[in-house]
Amino acid sequence: TQPHSKSARMTTKDDSAVRDDIRLLGRLLGDVLKAYEGPAMYEAIEEIRQTSTRFRRHGDPADARPLDRLLRKVSRDATISVVRAFSYFSHLANIAEDQHLLRERRRLRAGGGVLPGSLAATFDLLAGRGITAAQVRELLAQACLMPVLTAHPTEVRRKSILDTEREIAALLRQRESPAEDADDDAQAGEERLHALVATLWRTRMLRPQKLTVHDEIANALSYWRTTFLGQLPSLYGELERRLGGAVLPALPRQPFLRLGSWIGGDRDGHPHVSTATMRAALAAQATTVFEHYLGEVHALGAELSMSALLSPPGPALQALADAGHDRSPQRADEPYRRALTG
């Protein structure tokens, strides 16, 4: 598996952190290979890795012949382990490189720099060309930008693997800012990383059966939860700050940024898509959005503990609190919580 490496695009002065992360994850993968596949398989994979690295680095035909011999000696069952080992190393290296890019973005932002491709850079560019905030607001009032999710047959990565890789990425980020008990944290973090790499190794990379349309719907909505639903409010908030007012139009007009999906509604001859499938897709989308915002309302209830004794509510808030019919004596003087309960 060829890694989609980003290293060549890095221009930072210090790449030691990404190299350290790759070495750590590579070492943990090696430990997992020894534990589950045995020392002999680990040594075989390591020999293939070192020989292929020399050939790729120097392009010497003399290195190609021993690599060819090594690969020809590998049995069919062992070939699967070799392919999985290199595939997972590619995944782990890409996680480390992604974290490095995010680290550089944070450093640039902390130093007052403007990130290429960001809204800040875009507005600087627009201002330099004499385009005003009023013109941008007018454009957005008429625009429709719709990212569309599709069920692509080449997208075979499983959600189980994606979730595990996200946790690995989060642990790598935690290693950047150790707490006072850094030694204990580092050991616990490395043990958790080892467990996650072992989980990856013991997890099927591919699904044994083709996804159904309902599986594809659920898979796509997992991306809504991890990306769009959390980020769209932040996007609109930043646009409002830069444009000096709300960019969401009054109902019944539609916002300029909307989510689209073909999944469950691709009426182009798909034998498993019907009216019932489309209704199921719409119901799943609506459920996902309502569950997200119900969770947000619940979180607000935990945050907004203000007492009417210390912060008297206005008439509109008081009416909303009364309409909630929350009879709990513990919240009798907490109008925000009573309103949110309703």
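In this predicted model, the largest nonpolar core holds 32 residues, of which L25, L33, L92, I168, L193, V197 and W201 touch the most other members. Six helices each supply at least two residues of this core: α1 (16-37), α2 (39-58), α3 (61-73), α4 (76-110), α7 (159-174) and α8 (182-201). Among the residues named, V197 is in contact with L28, L29, V32, L92 and I168, when residues up to four places away in sequence are not counted. A second core, separate from the one above, has 21 residues, and F228, L229, L232 and I263 are included in it. In soluble globular proteins, nonpolar side chains tend to be buried together.

Buried positions are also found for a charged residue type. E165 is located in helix α7. Its relative accessibility is 8%, and because buried means under 20%, E165 counts as buried. The C-alpha atom of E165 lies 7.4 Å from that of I95, although 70 residues separate the two along the chain.

Aromatic rings were examined next. The search of the whole structure gives 2 aromatic pairs. In the pair of Y236 and F256, the ring centres are 5.5 Å apart and the planes meet at 70°; planes over 60 degrees apart count as edge-to-face, so this pair is edge-to-face. Y236 belongs to helix α9 (residues 213-243), whereas F256 is in the loop between α9 and β2 (260-261), so the pair ties together parts that are 20 residues apart in sequence. Y236 and F256 are both buried.

Charged groups placed over rings were also identified. The charged end of R84 sits over the ring of W201, at 4.3 Å from the ring centre; W201 is also one of the residues listed above for the largest nonpolar core. For K34, the charged end sits over the ring of Y42, and the distance to the centre of that ring is 4.6 Å.

Empty space inside the model was then considered. Rolling a probe the size of a water molecule over the atoms shows where empty space is left. The count comes to 1 cavity of 30 Å³ or more. The volume of the largest cavity is about 50 Å³. Its lining is made up of I217, A220, L221, W224, S261, I263, A281 and Q285. Two elements, α9 and α10 (275-303), give two or more residues to this lining, and α9 gives the most, with 4 residues. I263 thus appears in two places: I263 is included in the second core and also lines the largest cavity.

Key
Residues numbered from 1 in each chain as written. Predicted model: local features only at pLDDT ≥ 70, side-chain atom pairs only at ≥ 80, totals over all residues. Heavy atoms only, no water. Phe/Tyr/Trp six-rings, centres within 6.5 Å; stacked < 30°, edge-to-face > 60°. Buried < 20%, exposed > 50% of the residue type's maximum accessible area, 1.4 Å probe, protein only. Lys NZ or Arg CZ within 6 Å of the ring centre and 35° of its normal. Core = buried A, V, L, I, M, F, W, Y, C linked by side-chain atoms within 4.5 Å. Contact = heavy atoms within 4.5 Å. 1 Å grid on protein atoms, 1.4 Å probe; cavity = no way out; pocket = protein on both sides within 12 Å on 5 of 7 lines; lining within 4 Å. Points joined across faces, edges and corners; volume = space filled by probe spheres on them.
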